[in-house]
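Trainee: Hey, can we go through this one together? I'd like to start with the ligand.
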Amino acid sequence: MPQTLRDGTAPVHDLVGVGFGPSNLALAIAVHEHNAAGGPPVHAVFLERQPVFGWHRGMLIEDATMQVSFLKDLVTMRNPASSFSFLCYLQERGRLIDFVNHKSLFPLRIEFHDYLEWAAGRVGDLVRYGAEVTAVRPVVVDGIVTAFDVRSHGETLRARNVVLAGGLRPVLPPGIAASRRVWHSRDLLSNVDGLAGTDPARLVVVGAGQSAAEVTAFLHERFPRAEVCAVLSRYGYSPADDSPFANRIFDPLAVDDYFKASPQVKSMLLGYHSNTNYSVVDTDLIETLYRRAYREQVLGTRRLRMLNVSRLVAVDEPTGDRVRATVQSMLTGEHTVLDADVLVCATGYAPADPFPLLGSVAADCHRDELGRAVVERDYRIRTEPAVHAGIYLQGGTEHSHGISSSLLSNTATRAAEILASVHHRRRTGSVPAPPAPPVPATAAVSW
Ligand code: FDA
């Protein structure tokens, strides 16, 4: 990281990353490898609001596996010889041969988390944890935005480029708020210990996707005396299509194809291939759940209860220790009232909206007719000509770059593309030198 300059000014970073999940971690590694190889140094800092590295910790269910091949790790698709690969991680942990014998492309999620933590630890000098970014503001010189000041908890970093990778936000059904008895699946593991020793009688899970099925299976196993009610709008859990031809929708080449396609073809592709990712479940897990349900039917001990073609229509908490979920069958219109210990909404996520952080810069960002950022192929938001500094998005680009935008499939390749773009724009002089901020940088900034 660049030090304070001799003239008492603070450095201008080539890039400041907002968020340090897998997307910006992959970028940090690309920067690290570039600098280590002796390229023109790239000064980068990443700001993460969590106190330590963490990737969907609330869903690190012990036996849950990844939905992506380990070869689509943080680096391999960019640089198969990288020492940051999942295979190098395995070798360091002494499990390489055991993983090979396992004959699976899909590591445990908990294991992949350990891999991500291991990689994050190796580029720890580029990251500041406990640093929530609260604002990104323009540095204007003669009418030109030459840089951004990125503000987090009293500190401000100046950057020629910001890379926003704030991830996904949990979505609850309309009108429903999280509480002690109503959880989003994101918080499953952090909340579930609160049920220890309470011997819950009934738990309700809403949703039809992978998380919903995982939560259902987890609660059913963890609380062997509880009835677990799965509420889903589908007729039953549907399998994720991970067959080889369909899987190509996640390839780097598919990003090119999707980017160039007309809006009609884009929406057709998303429609055809949504079953590779949305509201679908791994076949193994579907079979596990079905086997359990059937076994209970045979034994006459039914406690895994499916309320299919149904939707949640009301949630009340008449007392602090129960939640009442009213579920309507979409076939008959009949209402079923479920008094439960906990209602878990595995109702998905939405990408973080980049505009609130950007303040006045948001007005200089081009948007499409639905208000979404217009994003160039290099993941840079298209801005007014007077904005010479770059705003890049990692995630939230499904409308422009396709279905892999919020997934891990293209993380390594995308990091390389963003780094190449930052270099290219610097080399071609499309980013004039911004002024260095004084030290301490915060003293010069008023909001
Ligand atoms: P991610 O959400 O991981 O990270 C964003 C980071 O930004 C967070 O650490 C957050 O704290 C931080 N942040 C946000 N706002 C900030 C601010 N203002 N200031 C500072 N920091 C800020 N995909 C896949 O391809 N295969 C898989 O197997 C899975 N499995 C999976 C399981 C579960 C339970 C979920 C919920 C999701 C998946 N996914 C997935 C999809 C998932 O989106 C993907 O794996 C990555 O998390 C995307 O990485 P990002 O870094 O983009 O976001």
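Mentor: Sure, and one term first: a polar contact is a pair of N or O atoms within 3.5 Å. Also keep in mind that this is a predicted model.

Trainee: Okay, so how far is the ligand's oxygen atom from the polar backbone atom of P22?
Mentor: The distance there is 3.1 Å, between a polar backbone atom of P22 and an oxygen atom of the ligand.

Trainee: And what about S23 and L408, how far are they from a ligand oxygen atom?
Mentor: For S23, a polar side-chain atom sits 2.6 Å from an oxygen atom of the ligand. For L408, a backbone N or O atom is 2.7 Å from an oxygen atom of the ligand.

Trainee: How many residues surround the ligand?
Mentor: There are 29 around the ligand, and the closest are S23, E48, Q67, S406 and L408.

Trainee: New topic: empty space. How do people even find it?
Mentor: You roll a probe the size of a water molecule over the atoms, and that shows where empty space is left.

Trainee: So how many cavities of 30 Å³ or more are there?
Mentor: The count is 3 cavities of 30 Å³ or more. The largest cavity holds about 60 Å³ of space.

Trainee: What lines that largest cavity?
Mentor: Its lining includes I249, Y258, H273, H401 and S404. By class, the lining of the largest cavity has 7 nonpolar and 4 polar residues, with no charged ones. Helices α8 (252–260) and α9 (263–273) each supply at least two residues of that lining.

Trainee: Why does the largest cavity lie between domain 1 and domain 3?
Mentor: Because domain 1 (12–167 + 352–427) and domain 3 (246–270) both give residues to the lining of the largest cavity.

Trainee: What about pockets? How much space is in the second largest pocket?
Mentor: The second largest pocket has about 380 Å³ of space. It is lined by 17 residues, and Y290, A293, R302, L304 and M306 lie nearest its centre.

Trainee: Which element gives the most to the lining of that second largest pocket?
Mentor: That's α10, with 6 residues. Both α10 (283–299) and β13 (304–307) supply at least two residues each. By class, the lining of the second largest pocket has 10 nonpolar, 3 polar and 4 charged residues.

Trainee: Last thing, strands. What order do they take in the open sheet of 4 strands?
Mentor: The order is β1-β7-β6-β5, with mixed pairing. The edge strands are β1 (12–13) and β5 (133–141), each pairing on one side only.

Trainee: Do β5 and β6 run parallel or antiparallel?
Mentor: Antiparallel: β5 pairs with β6 (residues 144–152) over 8 bridges. Along that pair, V136 stands opposite V150 in β6, and V140 has V145 of β6 as its bridge partner.

Trainee: And how many residues are between β5 and β6?
Mentor: There are 2 residues between them, and the two strands form a hairpin. In the turn, D142 has a positive phi of about 50°.

Key
Residues are numbered from 1 along each chain as its sequence is written. This is a predicted model: local features need pLDDT of at least 70, side-chain atom pairs count only at pLDDT 80 or more; totals for chains, interfaces and linings use all residues. Side-chain values use heavy atoms; hydrogens and water are left out. On a 1 Å grid over the protein atoms alone, a cavity is a set of points where a 1.4 Å probe fits but cannot get out, and a pocket is an open set with protein on both sides within 12 Å along at least five of seven lines; lining residues have an atom within 4 Å of a point. Grid points are joined across faces, edges and corners, and a volume is the space filled by probe spheres set on the points. Ala, Val, Leu, Ile, Met, Phe, Trp, Tyr, Cys and Pro count as nonpolar, Asp, Glu, Lys and Arg as charged, and the others, Gly among them, as polar. Domain bounds come from an automatic or database domain assignment. Two strands pair if DSSP finds at least two bridges between them. A residue is near a molecule or strand if one of its heavy atoms lies within 4 Å of it. A polar contact is a pair of N or O atoms within 3.5 Å; within protein, one must be able to donate a hydrogen and the other to accept it, and residues adjacent in sequence count only if both atoms are side-chain atoms.
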